[in-house]
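The following explanation leads a new reader through one protein structure, part by part. Please keep the sequence and the model in view while reading.

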Amino acid sequence: MNLPRLADATLATLPSTVARPALDRAGTRIGTVHLGVGAFHRAHQAVYIDDLLADEPDWAICGVSLRSPDVRDALRPQDGLYTLALLDGGPTLRVIGALREVLCAADERDAVLARLAHPDVRLVMLTVTEKGYCLSAGGVDLAHPDIVRDLATPASPSSAIGYIVAGLALRRARGLPAYTVLSCDNLTDNGERLRRAVLQYARQFDAGLADWIDAHATFPRSMVDSITPATDDALRADVDAALGLHDAWPVQREPYTQWVVEDAFCNGRPPLERAGVILSDDIAGWDRAKLRLLNGPHSALAYLGRLLELETVSDAMRHPALSTFVERLMREDIAPTLEAMDGFDAQAYIGAILDRFRNPAIRHRLGQIAWDGSQKIPVRLLGTIADARAVGRSIDRLCLPVAAWMHFVRRQAQAGVALDDPMADRLASVGATMIVDARQDVTAILALDPVFDAVVDDARIVDALVRAYAAFGDATPAEVARALAAV
């Protein structure tokens, strides 16, 4: 069926069941540039801005793809409009109007630079994934091919950092104020790491520019959270049928969304708090809460759920023993390890996370969450165990998910199933030697450095891990269920 295209001219034909932008799009001005205009940005930050534009028309978005023209080619014929599907069983559909311009830097470099240098632009945001920052331990990776190329021709950049600095250089030359640069990728200390990289990069070819950026630009820290599954043909078909229009690239996410931002803007800011953004000076605290209360239990569900032969997070939350265990783990063991923060209610946050875990419309596969366990276990679970142990709290329940990972490694290795993990070869070698003798198996896997470096010398933690491992027996579903019900 050849449907008319979603666009400004066809908005009025939308059925009443589909929400549409509650604003005069023609009266908005582009005050925000977003580098990395992928699904997460369009389902997250752009929605917050969309909520504000009716009363704050100066913050509309120019979305920039750094490499691929696909998003531009899909959305430009639609005047930047697209559909957001909230996966709440319906789904609920809403057309987002915050994107007033969509560019591809690969073949529209001059247009991107002109937009960055426009006096109306006061905020530049990024969602480019960690690799898109070209970072090294101390700042920017000066050996990265994109950085090498950009430093040779700074006025014709290709990298995100290159564009940020080139835009700031144009503004300095024209006597315009700097813009705020807001990283929206989940990197630890993201704003400060980006600031260091930008200054190091600029200093390679213009120390005066670097000093000007250091004095005038700001790089707030932030934390973002919302599950955003990839767009697929089924979503496209469902959206087209509901709209009676063709949307070339709708996006979907869970109803829950969170955005915490450090209030450190240099050139004004949209009133983000009106749209539900949390403004906080303690981004590290919010990161820690997410890591421990969301990511830690996610890993617990993954390893315990796979031993119980379950497939998805929502399946795991329908298992009585496992769902009860995870809720007690969060409320009684993890929450007490977090420091108090203004505006943070740990028990309410836990309730929201549990609702997310139970959402059957999000098919988050446990096998995928189980990837990279050697990298996730230390930061998601072992730090919590060490903190609880340091203040004399029980760690028996906290150790069960770690022991479940050990059994998971053993079973995968002995079944000849490759692990998706940076340490896959070493884990497979250890797993092949495990004989379901708790002391011997735990001792063998604790020898893996750097996974257990922080706890291997603490005899009480080691003993608790041995007890947890032994509690599962051979880790059959029945034995795992009994172990969970016993704590």
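Pro450 lies in the loop between helix 18 (438–446) and helix 19 (459–471). The structure is a predicted model, and in it the peptide bond that joins Asp449 and Pro450 is cis, with omega at about 10 degrees.

Helix 19 also borders a second loop to be visited, since Ala475 is placed between helix 19 and helix 20 (477–485). The backbone of Ala475 has a phi near 65 degrees, which is a positive value in a residue other than glycine. Ala475 is buried, because its relative accessible area is 0% and the limit for a buried residue is under 20%.

Another positive phi occurs at Asp189, where the angle is about 55 degrees although the residue is not a glycine. Asp189 belongs to the loop between strand 7 (180–183) and helix 7 (190–203). With a relative accessibility of 27%, Asp189 counts as partly exposed.

A further loop residue is Ala217, found between helix 8 (207–216) and strand 8 (222–225). Ala217 has a relative accessible area of 8% and is therefore buried. Which residues are in contact with Ala217, leaving aside its neighbours within four places in sequence? They are Ala178, Tyr179, Trp212 and Cys266. Along the chain, Ala217 and Leu168 are 49 residues apart, yet 8.6 Å separates their C-alpha atoms.

The account now turns to the aromatic rings. How many aromatic pairs does a search of the whole structure find? The search finds six. One of them is formed by Tyr303 and Phe408, whose ring centres are 5.4 Å apart and whose planes stand at 55 degrees, a tilted arrangement. This pair links distant parts of the chain, for Tyr303 is in helix 10 (residues 283–307) and Phe408 in helix 16 (residues 396–414), with their positions 105 residues apart. Tyr303 is buried, as its relative accessibility is 0%. Phe408 is likewise buried, at a relative accessible area of 11%.

In the pair of Phe344 and Tyr349, the ring centres are 5.4 Å apart and the planes are at 65 degrees, so the pair is edge-to-face. The reasoning rests on the angle, because planes over 60 degrees apart count as edge-to-face. Phe344 and Tyr349 are both buried. Together with Trp286, Phe344 and Tyr349 form one aromatic cluster.

Aromatic rings also take part in arrangements with arginine. Arg42 lies over the face of Tyr82, 5.4 Å from the ring centre. Arg236 lies over the face of Trp249 in turn, at 5.8 Å from the ring centre.

The setting of Arg236 can be described further. Arg236 is in helix 9 (residues 233–243). Is Arg236 buried or partly exposed? Arg236 is partly exposed, with a relative accessible area of 22%. Not counting residues up to four places away in sequence, Arg236 touches Thr231, Ala248, Trp249 and Pro250. The C-alpha atoms of Arg236 and His246 are separated by 8.3 Å, the two residues being ten residues apart along the chain.

Two helix pairs complete the picture. Helix 16, which holds Phe408 of the tilted ring pair, also meets helix 15 (residues 373–390): their axes come within 9 Å and cross at roughly 155 degrees. The two helices are therefore roughly antiparallel to each other, since angles over 145 degrees count as such. The crossing in which helix 15 passes helix 16 is left-handed. On the side of helix 15, the contact is made by Gly373, Ser374, Ile377, Leu381, Leu382, Thr384, Ile385 and Ala388, and on the side of helix 16 by Leu398, Cys399, Pro401, Val402 and Trp405.

The other pair consists of helix 12 (residues 320–334) and helix 13 (residues 346–358), which pack at an angle of about 160 degrees with their axes 10 Å apart. That angle makes helix 12 roughly antiparallel to helix 13. Helix 12 passes helix 13 in a right-handed crossing. Which residues of helix 12 and helix 13 meet? Glu327, Met330 and Arg331 in helix 12 meet Gln347, Ile350, Gly351, Ile353, Leu354 and Arg358 in helix 13.

Methods: Residues are numbered from 1 along each chain as its sequence is written. This is a predicted model: local features need pLDDT of at least 70, side-chain atom pairs count only at pLDDT 80 or more; totals for chains, interfaces and linings use all residues. Side-chain values use heavy atoms; hydrogens and water are left out. Rings of Phe, Tyr and Trp (its six-membered ring) pair if their centres lie within 6.5 Å; planes under 30 degrees apart count as stacked, over 60 as edge-to-face and the rest as tilted. Helices (H or I, at least four residues) and strands (E, at least two) are DSSP runs, numbered from the N terminus. Buried means under 20% relative accessible area, exposed over 50%, partly exposed in between (1.4 Å probe, protein chains only). A charge sits over a ring if NZ of Lys or CZ of Arg is within 6 Å of the ring centre and within 35 degrees of the ring normal. Axes are lines fitted to C-alpha atoms, for helices over the stretch in contact, and angles run from 0 to 180 degrees between N-to-C directions. Angles under 35 degrees count as roughly parallel, over 145 as roughly antiparallel, 65 to 115 as roughly perpendicular and the rest as oblique. A crossing is left-handed if the near helix is turned anticlockwise from the far one by less than a right angle, and right-handed if clockwise. Contact means heavy atoms within 4.5 Å.
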